[in-house]
Amino acid sequence: MPISSQPLAERIARVLAGSALSSNADGSNASAGDEVDRAWPDHLNQALAVLHTMREPDEAMANAGDAETWTRMIETALGRTD
């Protein structure tokens with residue numbers, strides 16, 4: 001399984017920035033990579049909100065795997081390790 005070197009919150013923030021900036025989504029820039037590199041921190045609060053929503057798996061997710069592990073992984077992505 002591939003493991004990313006970027007934190008999950010940053011990857012989500014980059015997707016949100018890309019969506020806002022790229023002409024492949026809602027933006028107007030045909031080549032938004034450099035802008036995304038500069039703008040993703042502006043989307044970090046939105047990314048953290050997404051992660052907060054993901055803390056509890058839904059029923060189908062819980063049935064597919066270990067719900068406690070899922071919650072620990074999301075809490076870790078949020079910077080909570082207690």
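**A helical chain, from its pocket to its core**

The largest pocket in this predicted model has a volume of about 240 Å³. Its lining is made up of M1, P2, I3, S4, Q6, L8, R11 and M73, and these lining residues divide into 5 nonpolar, 2 polar and 1 charged. The idea behind such a description is that rolling a probe the size of a water molecule over the atoms shows where empty space is left.

To place the pocket in its setting, one can turn to the fold as a whole. The protein chain has 5 helices and 0 strands, so that, read from the N terminus on, its elements run α-α-α-α-α. Of the 82 residues of the chain, 24% count as buried. Among the contacts in the chain with a separation of 6 or more, 40% are accounted for by residues 24 or more positions apart.

The interior can be followed through the largest nonpolar core, which has 12 residues, namely A9, I12, A13, A17, A32, V36, A39, W40, A47, L51, I74 and L78. Three helices, α1 (8–21), α2 (33–39) and α3 (44–54), each supply at least two residues of this core, and it is α1 that gives the most, with 4 residues. One member of the core, L51, shows how parts of the sequence come together: leaving aside its neighbours within four places in sequence, L51 is in contact with L8, A9, I12, I74, A77 and L78. Of these partners, L8 also appears in the lining of the largest pocket, whereas A9, I12, I74 and L78 are listed, like L51, in the nonpolar core.

The charged side chains add a further layer to this picture, with a count of 2 salt bridges in the model. In one of them the side chains of R14 and E10 meet, at 3.0 Å from N to O; both residues lie in helix α1, 4 residues apart, which is about one turn of the helix. E10 is buried, because its relative accessible area of 14% falls under the 20% cut-off. Apart from residues up to four places away in sequence, E10 touches W40 and L44, and W40 is itself one of the residues of the nonpolar core.

The other salt bridge brings together the side chains of D37 and R14, at 2.7 Å from N to O. Since D37 lies in helix α2 and R14 in helix α1, the pair ties together parts that are 23 residues apart in sequence. D37 is partly exposed, with a relative accessible area of 43%, while E10, at 14% relative accessibility, counts as buried. Salt bridges that share partners join E10, R14 and D37 into one network, with R14 taking part in the bridge to E10 as well as in the bridge to D37.

A further acidic residue, E75, is found in helix α5, which covers residues 67–77. What is the relative accessibility of E75, and is E75 buried or exposed? The value is 18%, and E75 therefore counts as buried. When residues up to four places away in sequence are not counted, E75 touches R55 and R80. Its neighbour in the chain, I74, belongs to the largest nonpolar core and is among the residues in contact with L51, while M73 takes part in the lining of the largest pocket.

How values were computed
Residues numbered from 1 in each chain as written. Predicted model: local features only at pLDDT ≥ 70, side-chain atom pairs only at ≥ 80, totals over all residues. Heavy atoms only, no water. 1 Å grid on protein atoms, 1.4 Å probe; cavity = no way out; pocket = protein on both sides within 12 Å on 5 of 7 lines; lining within 4 Å. Points joined across faces, edges and corners; volume = space filled by probe spheres on them. Nonpolar A, V, L, I, M, F, W, Y, C, P; charged D, E, K, R; others polar. Core = buried A, V, L, I, M, F, W, Y, C linked by side-chain atoms within 4.5 Å. Buried < 20%, exposed > 50% of the residue type's maximum accessible area, 1.4 Å probe, protein only. Contact = heavy atoms within 4.5 Å. Salt bridge = Lys/Arg side-chain N within 4 Å of Asp/Glu carboxyl O.
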